[in-house]
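Thank you all for coming; I would like to take a few minutes to walk through one structure with you. Please have a look at it first, and then I will go through it piece by piece.

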Amino acid sequence: MLSPYRAACADGTIQAGRCVLFALPDGRRWAALATKAHWRDSSRIAWVRSGLLELAEQASAAGALSIALPAPGCGNGGLDWADVGPLVLDALRGFDLRIYARPVALATRVINHKVERPTGDFVLIMRPTRWGN
């Protein structure tokens, strides 16, 4: 999966604040949501918001009923779930939503049950748009 992703980064298909879909062998789709322009940068809340809205549009157009995702921008991106959570819940309110986050206490508080692996029609993975130093 990373090879098509890297190619999309290299050719400019993936841009900060945008969402790009890739097909998985099992029929689900993998969505790349870039919350930062470079892997060393901090995430930007505006890019999280715009990426989530684009994800919702694309998922709806594809007929998806569920979305599994980590807390966008809240890991290495440095954003606070208190700021991001309402954006996620608002943008994706029409879907069966599974949020996976670390630490486990956050995941438990967010979805109120333990999860073993991401499930859903879409699986969201956030990565920066530029690889390298």
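I will begin with the overall layout, go on to the nonpolar cores and the aromatic rings, and end with the salt bridges.

Please keep in mind throughout that what you see is a predicted model. The secondary structure of the chain comes to four helices and five strands, and, read from the N terminus, these elements follow one another as α-β-β-α-β-α-β-α-β. The chain has 133 residues, of which 44% are buried, and it exposes about 7500 Å², with carbon and sulfur atoms supplying 50% of that area. As for how the sequence folds back on itself, if we take the contacts between residues at least 6 apart in sequence, 65% of them join residues at least 24 apart.

Let me turn to the interior. Which residues touch the most other members of the largest nonpolar core? That core has 23 residues, and the ones in question are Leu 52, Ile 67, Leu 69, Val 88 and Leu 92. Several elements contribute here, since strand S2 (29-33), H2, strand S3 (66-70), helix H3 (81-91) and strand S4 (96-100) each supply at least two residues of this core. Separate from it there is a second core, made of nine residues, and Val 20, Trp 30, Ala 32 and Ala 34 are among them.

Trp 30 brings me to the aromatic rings. A pair of aromatic rings is described by the distance of the centres and the angle of the planes, and the structure holds three such pairs. In one of them, the ring centres of Tyr 5 and Trp 30 are 5.6 Å apart while the planes stand at 85 degrees, and because the cut-off for this class is over 60 degrees, the pair counts as edge-to-face. Tyr 5 lies in helix H1 and Trp 30 in strand S2, so this pair ties together parts that are 25 residues apart in sequence. Trp 30 also pairs with Phe 22, with 4.8 Å from centre to centre and 50 degrees between the planes, which is a tilted arrangement. Taken together, ring pairs link Tyr 5, Phe 22 and Trp 30 into a cluster; Tyr 5 and Trp 30 are both buried, and Phe 22 is buried as well.

Finally, the charged side chains, where the count comes to three salt bridges. One of these joins Arg 18 and Glu 54, at 2.7 Å from N to O. Why does this bridge tie together parts that are 36 residues apart in sequence? Arg 18 sits in the loop between helix H1 (2-10) and strand S1 (19-23), whereas Glu 54 belongs to helix H2 (residues 45-61), so the pair spans that separation. The two partners also differ in their surroundings: Arg 18 is partly exposed, at 39% relative accessibility, while Glu 54, at 13%, counts as buried.

Another bridge is formed by the side chains of Asp 26 and Arg 28, with a distance of 2.9 Å from N to O, and Asp 26 is exposed, its relative accessible area being 52%. There is also the bridge between Arg 93 and Asp 90, whose closest N and O atoms are 2.6 Å apart. Here Arg 93 is exposed, with a relative accessible area of 62%, and Asp 90 is partly exposed, with 46%.

Definitions and conventions: Residues numbered from 1 in each chain as written. Predicted model: local features only at pLDDT ≥ 70, side-chain atom pairs only at ≥ 80, totals over all residues. Heavy atoms only, no water. Salt bridge = Lys/Arg side-chain N within 4 Å of Asp/Glu carboxyl O. Buried < 20%, exposed > 50% of the residue type's maximum accessible area, 1.4 Å probe, protein only. Core = buried A, V, L, I, M, F, W, Y, C linked by side-chain atoms within 4.5 Å. Contact = heavy atoms within 4.5 Å. Areas by Shrake-Rupley, 256 points an atom, 1.4 Å probe, with all protein chains shown as cover. Phe/Tyr/Trp six-rings, centres within 6.5 Å; stacked < 30°, edge-to-face > 60°.
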